[in-house]
Structure formats: C-alpha cells, structure tokens
Amino acid sequence: MKKFYKIFLSIGLSSLLVLFLGEVAFRFQSKTDSEEIRYKKIHCLSGLSEIRLCPNVNDRFTRKDGKTWDIQTNALGERILSTKEITTDLWLIGDSMAMGYGLPSKETPAHYLKGKYNLETRVIAVDAIGTNGILKLLKETLASTKNEDHPKQIYWIWNPSDFIDDTVEKTGIKRFVYPIHYLLSRYSFLYRRLLPSPPTNVYTSYGDPILYSKNHVTYKNLRKFFADPSIPRGNISVLFSWGMSRMGTPDTRDPNYEIAKDFFLELGVKVIDLRNKTEGLYKEQKQVYIPNDGHPGPALAELFADAISMHFLNLP
C-alpha cells in the first residue's frame with residue numbers, strides 16, 4: 001500500500017512539475033495576451049455559466065483590419081457612450097450586433113440614435129449569448145428596473161448566428177465545469193495552447209448557407225422567448241439585415257432570413273426587414289461590414305438607427 005502511495009505521489013508531483021514548466025514556457029514565449037484574450041477578459045461570469053460584460057470597463061482593441069475601437073460600460077455592465085446617466089424608454093437588445101462589436105463608440109447604433117435623432121438608448125446586449133442568454137439578460141434587466149422606467153419599445157437586432165450560439169449553450173454538467181474553463185482560458189497560457197477555444201463572434205458564411213429546420217433549437221428557444229409572460233412581447237420589434245458572405249458581399253443566398261421572418265410574423269412579432277436597403281448601401285460602396293470580420297460596419301449601424309428612430313418616433 002505504501003509502495004502504491006509513493007508511486008501515485010511521484011506521478012502526481014511529476015505531472016504538476018511538467019504542467020508548471022509548460023505554463024512558464026508558454027508564458028515566456030507569449031509574453032503578452034492576444035487581442036482575443038484581452039477582449040475575453042472584459043467579460044465576467046454571472047452565476048455558473050452566464051457571460052456578461054464586466055462593469056466599469058474602459059478599454060480599446062485593435063481589429064483584424066488594424067482599426068482601433070473602444071468600449072465603455074457602466075456599473076451594470078451595459079455598453080454606454082459616456083458616463084453621463086441617462087433615462088430612456090428605448091432599449092436595444094441582442095448579441096454582438098446590437099452591442100456594436102468592433103465599432104468605435106461614435107459608429108454604434110446607439111451613437112447614431114443620439115447624434116441624429118437625440119434618442120438615448122439603453123443597450124442590453126452581450127456578444128454570443130444565444131437566444132436564452134438574451135432572454136435571461138432582458139428578464140434580469142426588467143426585474144431590476146423600476147416599473148416607471150420600463151421601455152416604451154424594445155428593438156432586437158437579430159441574426160442567424162443564434163443558430164450556432166444556441167447549440168453550444170452550457171447545460172447539464174457543462175454548467176458546473178464551465179467556471180473552471182472560464183478561468184483557465186483567460187489566465188493559463190498552457191491551457192489555451194492545449195485546448196484552444198473556437199473563434200468567437202464569427203458570423204460570416206464561409207461556404208454554402210445551411211438551411212436550419214423549424215425543429216432547430218433556436219426556433220424552440222424563440223417560442224419560449226415570446227411566450228414568457230414577464231417580457232412585454234407586444235413592445236418588441238425585430239430588425240435584421242443580410243450577413244456578410246466570404247466574398248465580403250451581402251449573403252443574399254442565405255435562406256434563413258426569409259424563413260425566420262415568416263416565423264416571427266407567425267408569432268405576431270413586428271419585423272423590420274432591412275435587407276433591400278442593405279444591398280443598396282453596398283452598391284453605393286458604403287462600409288456595410290467590418291472588413292475581414294462580418295459584423296455591421298458604420299453604414300449598417302446607421303441604417304439600424306434610422307429604422308429604429310423612424311419606428312419609435314411614430315409610435316402612438
């Protein structure tokens with residue numbers, strides 16, 4: 001028994017030594033965090049598996065095309081344009097598209113709404129959290145907001161990326177081990193090298209678009225979203241446009257937009273379809289998408305703002 005214990009202890013200590021030396025070696029080799037890891041570190045863990053933007057962030061990042069973009073959050077972890085407190089009855093929800101991933105503050109939908117229409121916007125959005133994540137975030141925000149400060153209208157910039165994000169939702173035992181992965185992926189150079197995370201916020205189609213069936217988990221989650229009695233379903237409008245194809249053009253071959261539009265209409269949800277206008281902007285050689293990325297560029301962000309303001313300012 002003692003011999004077995006000594007062997008076990010020897011193997012354990014040797015493994016720890018190898019891991020320690022590997023961590024030191026990769027730290028020395030890497031020296032600094034990549035932009036992707038730096039960006040991950042402005043995201044905080046809420047509960048066991050929910051990701052939120054960290055509170056009181058004020059940072060800058062460099063995109064693949066070399067352009068710098070900034071992001072600032074308030075004490076609630078919501079992206080803001082300035083530290084000035086605002087009260088507004090216009091909310092913007094969603095994932096990275098609504099949040100303005102990759103866009104400097106002066107090029108986000110919230111900025112154009114303020115600059116062009118003097119409309120303050122509360123941005124309730126976090127990248128890559130999927131349909132259920134958006135629902136949870138919205139419910140938390142509504143519950144923590146006074147009734148008199150609830151929104152008059154909520155706009156959801158929707159994208160088929162949810163068909164991907166929803167399939168990687170942390171459920172079952174994954175929810176309990178995720179906090180370990182969360183910490184190691186941010187702070188261990190060895191762990192990142194051995195188990196590299198898949199690229200995040202990648203919504204560009206690199207092949208023929210996949211048509212997702214009505215049995216896909218995203219459609220199930222959307223039914224759950226709009227059936228939830230705690231959200232003001234009648235005050236939610238869904239906006240969408242074309243995503244970017246691998247050629248950098250609007251991905252007009254993607255059939256999921258039309259199917260999703262019909263689905264939303266069947267649920268009685270107001271849809272603002274900006275696909276034709278997006279194609280027009282592209283033909284005018286406007287920066288519709290962030291180069292080498294696929295997220296909305298400033299022209300598309302402004303189009304979202306124009307459509308939202310037109311609808312919001314004409315509400316009864």
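Helices and strands here are DSSP runs, numbered from the N terminus, with at least four residues for a helix and at least two for a strand. With that in hand, take asparagine 56, which lies in the loop between strand S2 (50-53) and strand S3 (58-62). I will come back to that residue at the end. One caution before the rest: this is a predicted model.

Let me start with the whole chain. The protein chain has twelve helices and nine strands. It has 316 residues, and 48% of them count as buried. If you take contacts between residues at least 6 apart in sequence, 72% of those contacts join residues at least 24 apart.

Now the sheet. Five strands form an open sheet in the order S6-S5-S7-S8-S9, with parallel pairing. Strand S6 (122-125) and S9 are the edge strands, each pairing on one side only. On average, neighbouring strands of this sheet are turned by 25 degrees against each other, direction ignored.

I will walk across it from the S6 edge. Strand S5 (residues 90-94) runs parallel to S6, and four bridges join the two. One position to find on screen is leucine 92, whose bridge partner in S6 is valine 123. S6 is an edge strand, and yet both of its faces are covered. Arg122 and Ile124 are buried on one side, Val123 and Ala125 on the other.

Further along is strand S7 (residues 153-157), which runs parallel to S8 and is joined to S8 by four bridges. Two positions show the register. Isoleucine 154 stands opposite isoleucine 236 in S8, and tyrosine 155 stands opposite serine 237 in S8.

How much of S8 is buried? Five of its five residues are. Ile236, Val238 and Phe240 are on one side, Ser237 and Leu239 on the other, so to speak a strand with both faces covered, by the definition of buried as under 20% relative accessible area.

S8 also pairs with S9, in the parallel sense and over four bridges. Here valine 238 has valine 271 of S9 as its bridge partner. Together with H10, these two strands make a right-handed β-α-β unit.

Next, helix H11 (residues 275-283). Arg275, Thr278 and Leu281 are buried in this helix. Why do they line one face of the helix? Seen down the axis of H11, the buried residues fall within an arc of 115 degrees, so they share one face. The face turned away from that buried side carries the exposed residues Asn276 and Lys283. As for what covers the buried residues, the list includes strand S8 (236-240), helix H10 (256-266), strand S9 (270-273) and helix H12 (298-312). Just after H11, glutamine 285 takes a positive phi of about 60 degrees.

H12 comes up again in the packing. The largest nonpolar core has 72 residues. Those with the most contacts inside it are Leu138, Trp156, Trp158, Phe225, Phe226 and Phe264. H12 gives the most to this core, with nine residues. As background, nonpolar side chains tend to be buried together in soluble globular proteins.

Tryptophan 156 is worth a look. Leaving out residues up to four places away in sequence, it touches Ile93, Gly94, Thr131, Ile134, Asp162, Leu222, Phe225, Phe226, Ser237, Val238 and Leu239.

A loop residue to set beside it is threonine 121, placed between helix H4 (109-117) and S6. Is threonine 121 buried or exposed? Its relative accessible area is 9%, and the cut-off for buried is under 20%, so threonine 121 is buried. With the same sequence neighbours left out, its contacts are Ile86, Thr88, Leu90, Leu92, Ala110 and Leu113.

Last, backbone angles. Most residues other than glycine have a negative phi. Alanine 128 has a positive phi of about 60 degrees although it is not a glycine. Alanine 128 is found in the loop between S6 and helix H5 (130-143), and with a relative accessible area of 35% it is partly exposed.

That brings back asparagine 56, where phi is near 55 degrees, again a positive value in a residue other than glycine. Asparagine 56 is exposed, with a relative accessible area of 57%. That is the end of the tour.

Notes: Residues are numbered from 1 along each chain as its sequence is written. This is a predicted model: local features need pLDDT of at least 70, side-chain atom pairs count only at pLDDT 80 or more; totals for chains, interfaces and linings use all residues. Side-chain values use heavy atoms; hydrogens and water are left out. Buried means under 20% relative accessible area, exposed over 50%, partly exposed in between (1.4 Å probe, protein chains only). The arc is that of the directions from the helix axis to the C-beta atoms. Contact means heavy atoms within 4.5 Å. Two strands pair if DSSP finds at least two bridges between them. A crossover is right-handed if, with the strands pointing away from the viewer, the path from the first strand over the helix to the second runs clockwise. Axes are lines fitted to C-alpha atoms, for helices over the stretch in contact, and angles run from 0 to 180 degrees between N-to-C directions. A nonpolar core is a set of buried Ala, Val, Leu, Ile, Met, Phe, Trp, Tyr and Cys residues joined through side-chain atoms within 4.5 Å.
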